Amino acid sequence: MIQLGTVVNSRYEIVEKIGTGGMSTVYKATDLKLSRFVAVKVLKDEFSYDEEFVKKFKVEAQAAASLSHSNIVNIYDVGNDGNHHYIVMEYLDGMTLKEYIKSHGSLTNEETMRIGACMASALDCAHNNHIIHRDIKPQNIMMTKDGRAKVTDFGIARVATGATIPATDMASGSVHYIPPEQAKSGYSNEQSDIYSLGITMYEMITGQVPFEADSAVAVALKQIHDDLPNIKDNNKEVDNNLEQIIRKATMKKSEQRYRSASQMLQDLRRANNFPDESFVSIDSIDVNAHTMVMDESQMRQIWDDSDEVAPLDSNSKRTAIIGGIVAAVVAVALLVSVLFNLFYDQIVPQKINVPDVVGLSLDEAGSVLGVLELSYQIEETRYDDAYPKDVIIDQFPEVSTEVAESTTIYVVVSQGKQLYMTPDVTGLTYKVAEELVKNSNLTAVIDRQYDNIVPVGSVIGQYPEASTQLEKGAEVTIIVSLGKEDRYVEVPDVRGLSFEEASSQLRIAGLTVGDGLTESYNDIIPEGSVIALTVVPGTEVKEGYVIDMTISLGKEIKEVTKTIIVNDILGPSESTVSLKVALVREDDTTEIVYEGLVGHEDFDPQILIPVTGLGRAVYEVYKDNVLEYKDNVVFTEENGQ
C-alpha cells in the first residue's frame, strides 16, 4: 500500500485515498509536472507479482488509453514504480452513479435516457475500437458536479475475467449486472456490455437492482433464468419506449438484444425526441431454433390430458387397424370385380397420352390439345422468373399420362417476373428503412455519407427513387447520414498567455474552453497566465473538444516573522510602568502585539516581541499610554531577523 505523500515515479504526489476495488486502490494525486490533480489507480500488491496478470493489465490499460471520448475517463499515463503498477487518469470531482442513485432514488425518464445515452455512446466508441468493458455497473460510472456521466475502468475489466481473479471478487460487486452468457461460461462480447447497461438503466429508473438473493451464486442464477421484473411495478411513471429499450437490452438471448450500442443510442435519442411514438421492437422468435420433437411419453401425456376417448393400447390398436384394412380390401375387391364385368365398355374408354404443353402459349396449347380432343383450364396464374407472361409453366395430368377423350388438362400460367415497388425511406432511421426494403422483397445496400444537416443514422436519400418497380432481390441503395464529419484539430500551445488570450486562441482553433478552471501558485508563470492544459499542446483532438486550463496565482508570498526589540524605558525613579506596543500595517490596521506592567528586571537586557507579516509596518511603543517612540519593521527574508 502506498503512503500519503509518496511521489510515484518522481511525478505524482499522493494526496489522499479516494477508493478501493477488487484489484486496485485509487488515490488523488498532484501531477507535479503539469500542476494539476489526477487520479492514480495502483494495482494491489497481491497481483503485482503475477507476471501474466501484470502483462494483461498493461496491455489493456494502454488499449483503453487510446480511447478519446467525452463520456470516457481519460487515461494519461501507464507505468510502474518498482513493484507498484499504476494508471494515471483524469481526476473527476463528483460521485459514482451508484452513489448518485442512492442519494436521488429512482431517476426521471429524461435523466435515465440522458445518462444511458452517454454510456451507450461511450460503449459504441469502445466497441468500434474492439474493446469490451465486461464490467458495466453504476460503480464504474462517474457523475461530475456539472451532471456529466463518464465511464471508467475500460480495458481493466477484461483483465479481471482471467483466472487470476477469484470468483468471489468478481461476484461481489458485478453479479447484479452480469449477463447470462458471462455468468454461465465467462464468455462475453459487445452485446454483453449492452445487457449490463440495460440492468444499470433498470436500477436508474427504479432505484433498485432487478435481481436480489442471499448469495452471489443465487443472483447469477436469476440472471440466467428469471425474466426481468415488470418495471412499472416499481415506477409507474416510466416511459413506454424507455421500458421497451431496457427490456430489449436485457433479453436473455444475446441475439434478441440490440446488435450494437449505436442501435441502442439511436432508440434512446428517438425516445427522448418522440416520446409518443412507438418504435422499439423485440425479436421474440428464434428463427434458427431446432424443430421440437415429442417422444412417446409426451404424446401419452397429451392423450391423458385430452377430453377425447383415450387411445387403445398398442396391441388393441394393431389388431383394430389390421382388421379394418382386411375388411376394406375385401369389400373394394368385390365391388370392383362386379362393376368391371357389368360395365367394361363404359369404364374402359379409348386412352390418349397427354402431350407436353409446358412452355407453350395458351393459343398454342389449345391447338395441340384440340387435335387430341382434349381441353385445358387455367388452374392458377403465378409469377415465374423462367417463363414469360401468358406461357404455361406447369400442367396436370403430367406428360404421357393416359387419359380418356374430352379430359380437361389443368394448366398453370406464368405472370412473368414479379416486380416490387421500392418504398420511400427518405428521412427514416436506417434500421426502419432497411426493414421496409427487406419487407418489399428487395435487398438493402447501406451507403454511409457525412451530412451537416441530417442527423446520424437517418436516411439522406435512396437509389432507385421511391415507387420504382424492381425484380425480386434487386438492390436498393440507402444513403445513411454519418452526421457532421469529424474534424481533428491540433491543440495550440497557449501556456504563458493570459486566460483571455488563451481562450481566444483555443476557440479560433475550433476547441471548447471548459468550465473546469483551476488555479495554482507558480514561481515562473505570471499571475493570471496559463500554466497547463488538460490536453498536451500539439495533440490532435476532435473539433469542439473541451479543454480545461490551470491559471497561475503568481509566486506564492509567505509571511515572515521578525522581532521587535524594546529597550529599558523606565526612568531612574520609576519602578514599574505600563508598556504597550502597537503594530500598524500598510493597510492601516493596528494590532496590539504587547501590553502589560513591566519593571527594570523585565528589560534583562531587552524585551523581544516576535511579529509576523508581509511588506512593511510601523511599530509604536507606548509608556503609560503615551507614545514613547516608533520605528519601522520590514518583513523580508533578506533583512534577517
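**Exercise 1.** For helix 11 of this predicted model, determine how its reach from first C-alpha to last stands against the span expected at 1.5 Å a residue, and find which helices its buried residues pack against.

*Solution.* Helix 11 covers residues 261-273, and its 13 residues reach 18 Å from the first C-alpha to the last, which is close to the expected 18 Å. The next step is to list the residues of helix 11 that are buried, among them Met-264, Leu-265, Leu-268 and Ala-271, together with Gln-263, Asp-267 and Arg-270. Taking the contacts of the buried residues then gives four partners, namely helix 4 (109-128), helix 8 (190-206), helix 10 (240-249) and helix 16 (430-439).

**Exercise 2.** Work out the strand order of the open sheet of three strands, and state how helix 15 is placed on that sheet.

*Solution.* The order is 11-14-12, and the pairing is mixed. Strand 11 (375-382) and strand 12 (392-396) each pair on one side only and are therefore the edge strands under the rule that two strands pair if at least two bridges are found between them. Neighbouring strands of the sheet are turned by 30 degrees against each other on average, with direction ignored. Strand 11 runs parallel to strand 14 (residues 408-414), the two being paired over seven bridges, and within this arrangement Glu-380 stands opposite Val-412 of strand 14. Helix 15 (residues 362-371) packs on the sheet, where it touches strand 11, strand 12 and strand 14, and its direction makes about 150 degrees with that of strand 11.

**Exercise 3.** Describe the salt bridge between Glu-111 and Arg-114, and decide for each residue whether it is buried or partly exposed.

*Solution.* The side chains of Glu-111 and Arg-114 meet with an N to O distance of 3.9 Å, which is within the 4 Å cut-off for a salt bridge. Both residues lie in helix 4, three residues apart, or about one turn of the helix. In general, an α-helix has 3.6 residues a turn, so residues three or four places apart point the same way. Because the limit for burial is under 20% relative accessible area, Glu-111 at 19% counts as buried, whereas Arg-114 at 35% counts as partly exposed.

**Exercise 4.** Establish which parts of the chain the salt bridge between Asp-486 and Lys-542 ties together.

*Solution.* The side chains of Asp-486 and Lys-542 meet at 3.6 Å, N to O. Asp-486 lies in the loop between strand 19 (475-481) and strand 20 (488-490), while Lys-542 belongs to strand 24 (residues 540-542), so the pair ties together parts that are 56 residues apart in sequence. Asp-486 is partly exposed at 40% relative accessible area, and Lys-542 is partly exposed at 34%.

How values were computed:
Residues are numbered from 1 along each chain as its sequence is written. This is a predicted model: local features need pLDDT of at least 70, side-chain atom pairs count only at pLDDT 80 or more; totals for chains, interfaces and linings use all residues. Side-chain values use heavy atoms; hydrogens and water are left out. The expected span of a helix is 1.5 Å times one less than its number of residues. Buried means under 20% relative accessible area, exposed over 50%, partly exposed in between (1.4 Å probe, protein chains only). Contact means heavy atoms within 4.5 Å. Axes are lines fitted to C-alpha atoms, for helices over the stretch in contact, and angles run from 0 to 180 degrees between N-to-C directions.
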